[in-house]
Amino acid sequence: MSAGREILAPLRRYPSALAGLALILALVVIALYTLVAIPYPKALELWRGGEAWQMSPVNARPVWTAWLAGEDLPGTRVVRSSDAPSEQQDFDGVRRLRIPLEFDYRHTAFPSELNLFLSAPQGARDAFVRLTWETPDGRYIPLGGHQVSGEERISLSQDWSLEQRLGRVPHVGLLAEPGDPSAPAVVQPGRYRLLLDAILFDVDANPGATLAADLVVYGRVAGLAGTDHRRRDLMVALLWGTPVALAFGLLAAVGTTLTTLVIAAAGVWFGGWLDALIQRLTEVNMILPLLPILVMVGTLYSTSIWVMLGVVIALGIFSAGIKMYRAMLLPIREAPYIEAARAYGASDARIILRYMIPRILPVLIPTFVTLIPSFVFLEASLALLGLGDPLLPTWGKILNDAQAQSALYNGYYYWVLEPAALLMLTGLGFAMLGFALDRVFNPRLRNL
Amino acid sequence: MSDAPLLEVRDLRTWFELRQWGFLRVGSVRAVDGVSFELARGEAVAFVGESGCGKSSLARTLLGLHRPSGGEVVFEGQDVAGLAGAALKRYRARVGYVQQDPYGALPPFMNVRRLLAEPLIVHGVMDRAERERRIRAVLEEVRLAPEEVLHKFPHMLSGGQQQRVVIARALILAPHLIIADEPVSMLDASVRVEILSLLRQIQRERELTLAFITHDLATVRHFAERLFVMYAGRIVEQAPVDELLDHPLHPYTQALLAAIADPDADNASRQREIPPGEPPSLVKPPAGCRFHPRCPHAIAGHCDRDEPPMLAPRPGHGVACWLHE
């Protein structure tokens with residue numbers, strides 16, 4: 001308690017330490033919030049992609065980029081049949097439905113896509129829907145008829161014949177002022193309507209049968225983080241990347257530091273052949289390249305983040321740190337208080353763990369703190385090389401996706417900048433705290 | 001029982017092997033070389049000698065920190081040399097150790113309560129209240145106010161207080177023998193007598209045996225009953241303290257006594273009989289009497305050839321010197 005206060009009190013004199021501490025605290029809060037808000041199985045399911053994201057736009061920018069650029073970019077809008085004034089007529093076991101899906105569109109930019117999601121009861125005969133698009137200036141554009149069985153998605157944007165008729169891609173052509181297709185398209189502001197004329201069969205057997213329709217007008221901005229090429233909200237990966245990065249960095253730093261420390265202390269204490277063996281192992285290990293070995297393990301065995309963590313720790317045990325700790329521990333081995341401990345019968349393990357290691361622990365804290373982000377970066381580097389965890393969303397995997405989709409070439413700069421900014425803030429936070437701790441624990445560095 | 005000596009040391013040798021390239025034996029440092037003596041229960045003795053004479057090696061061998069190369073250390077009827085495991089641990093509880101440098105002797109990252117609890121934890125006192133009771137009792141015994149020092153770290157205490165804590169730690173396992181290796185040489189002159197008196201008083205109260213290691217002949221008269229003079233790994237003279245200081249027989253003891261600082265200003269210019277040369281090499285000690293190269297009275301052909309046995313020219317006074325044959 002008092003020892004903790006002794007460390008924290010001088011930190012107050014370093015504004016950088018407080019800023020670093022605040023950054024780390026913010027990351028921890030985000031991590032904790034994420035673990036509660038998006039439980040692990042849900043995060044995995046969301047990141048697997050698919051149906052959960054079918055109503056999200058592809059590669060939409062974050063909302064705030066539109067504010068910053070002063071552009072009027074549309075968000076995604078869903079027009080649901082349950083809110084629409086439907087009309088219904090029954091005769092001879094056949095039900096006729098008339099559903100007008102209406103929405104106002106007054107943005108200067110066009111939507112990124114148009115999709116219609118239909119859900120009809122499944123029976124002996126499929127339901128039939130005829131679609132008509134009505135523009136604010138009163139034009140009627142027939143969009144053809146569709147047989148609907150169960151869940152059905154009608155991709156208006158990918159309707160090739162419609163595109164031929166309009167002379168533009170449908171999500172532009174349907175909302176543009178009529179005119180020369182070769183001229184730049186201009187949005188016709190006003191109220192649009194998609195009219196669904198549906199016929200359901202065999203309603204006698206199923207009196208509640210109806211047709212559910214959702215018209216999705218995909219926007220060009222989505223959420224605070226934007227979306228990727230698979231419509232996934234990047235926020236999921238940005239949020240989940242925080243606990244993964246912190247856990248990986250912290251576990252790797254703790255794992256390597258503690259094992260290295262105990263082994264170095266055991267070598268110093270027992271001396272002789274054990275010390276010699278540890279030194280030789282360290283020297284061999286120091287010339288082994290970490291990254292290629294990790295790439296090899298990832299390629300041949302498994303890219304699970306926990307396997308990688310294990311390999312990082314295993315290779316970190318006999319790292320150069322052993323040499324440093326040995327140099328620090330050698331004089332402590334001869335300290336009179338250790339001799340006193342032997343004289344009252346303390347065991348070897350007790351002397352190593354309770355008398356030698358605590359003596360150098362304070363000096364190691366700054367090194368330890370600055371070690372954490374280096375492991376976070378290592379994880380991101382592995383993910384960028386395509387050796388990221390196959391299931392978990394992480395910052396490195398966002399970067400990997402962004403690179404694979406040529407994000408910068410396509411102008412999706414947010415895709416790269418967001419995870420990069422989080423990585424940099426993590427590094428910055430731990431570095432600022434670590435350097436300040438170094439000044440606290442190594443008084444020789446003060447006032448320099 | 002009380003007549004049997006607490007500690008009997010017979011022909012004790014502590015040699016440190018010198019190795020080249022990690023495995024070639026090229027000789028030994030004979031730090032302790034054929035030392036014999038007995039300590040009775042409840043007596044205070046002092047070992048004196050200059051630096052490098054083997055006093056500290058002797059202390060460490062008695063504490064079980066060095067394995068003796070030969071000879072016997074019999075403590076309460078049990079040979080200590082071969083002890084290991086639980087038996088060695090039990091022996092260590094019976095022998096307390098007070099070190100020279102009180103600040104170095106205390107782990108700097110433990111407060112007083114914690115560092116005094118350590119020996120108790122090591123020896124299986126798991127009851128927290130029992131530990132606290134014993135810690136407070138022993139702190140009061142060394143005249144420290146428990147409330148004042150329990151929560152303090154060693155650097156927050158004065159040198160005298162630190163040494164009291166070291167003494168308290170040596171006492172907390174209720175030992176029968178305390179070995180104090182130059183307990184006051186690193187302290188301010190003002191607190192030396194205080195600490196020595198405290199040790200002596202505790203020794204009398206607890207009726208334990210106290211072995212001082214010191215090079216300070218000036219204070220030894222007041223704090224020890226018997227005196228052993230060591231030179232080059234051997235005991236050269238032993239006697240009750242007054243007898244030895246008033247009638248030194250060995251030329252080395254005489255030289256040591258002559259070297260004591262004399263506050264009388266009239267004597268400032270007086271030439272003293274100081275033996276020339278340095279203490280001999282412990283790797284290749286001189287043949288015969290180890291003091292003969294420096295001895296002003298050495299008998300050529302005798303002292304440099306034959307090792308003098310422990311002679312007793314006066315009752316209770318032993319000296320290893322051919323001059324007193």
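1. Two strands pair if DSSP finds at least two bridges between them. In this predicted model, strand S5 (residues 127-134) of chain A and strand S6 (residues 140-148) of chain A satisfy that condition, for they are joined by 8 bridges and run in the antiparallel sense. One of the residues involved is Leu131(A), whose bridge partner in S6(A) is Gly144(A).

2. The connection between these two strands also deserves attention. S5(A) and S6(A) form a hairpin, with 5 residues lying between them. Within the turn, Gly138(A) has a positive phi of about 90°.

3. The division of chain A into domains should be considered next. The domain assignment gives domain 1 as 2-47 + 232-445 and domain 2 as 73-218. Domain 1 of chain A is therefore written as two stretches of sequence, whereas domain 2 is written as one, in an assignment that is automatic or taken from a database. Taken over C-alpha atoms, the centres of domain 1 and domain 2 of chain A are separated by 54 Å.

4. The overall dimensions of chain A may be read alongside its domains. Chain A has a radius of gyration of 31 Å, while a compact globule of 448 residues would have one near 22 Å. Along the principal axes, the C-alpha atoms of chain A fill a box of roughly 105 × 50 × 40 Å.

5. As to its composition, chain A contains 15 helices and 9 strands. Of its 448 residues, 37% are buried. Among contacts in chain A between residues at least 6 apart in sequence, 74% join residues at least 24 apart.

6. In chain B, helix H6 (residues 159-171) merits a separate remark. This helix has 13 residues and reaches 18 Å from its first C-alpha to its last, close to the 18 Å expected at 1.5 Å a residue. H6(B) is mostly covered, with 12 of its 13 residues buried; among them are Val165(B), Val166(B) and Ile167(B), as well as Arg164(B) and Arg169(B). The buried residues of H6(B) pack against several elements of chain B, including strand S6 (95-98), strand S7 (177-181) and helix H7 (189-206).

7. The final point concerns the meeting of the two chains. Contacts link 17 residues of chain B with 14 residues of chain A. On the side of chain B that touches chain A, the elements giving two or more residues are helix H2 (85-94) and H3 of chain B. H2(B) gives the most, with 3 residues. The residues on this side of chain B divide into 11 nonpolar, 3 polar and 3 charged.

Notes. Residues numbered from 1 in each chain as written. Chains lettered and ligands numbered in written order. Predicted model: local features only at pLDDT ≥ 70, side-chain atom pairs only at ≥ 80, totals over all residues. Helix = DSSP H or I, 4+ residues; strand = E, 2+ residues; numbered from the N terminus. Expected span 1.5 Å × (residues − 1). Buried ≥ 20, exposed ≤ 12 C-beta atoms within 10 Å, placed from the backbone. Contact = placed C-beta atoms within 7 Å. Nonpolar A, V, L, I, M, F, W, Y, C, P; charged D, E, K, R; others polar. Rg over C-alpha atoms; globule rule 2.2 N^0.38 Å.
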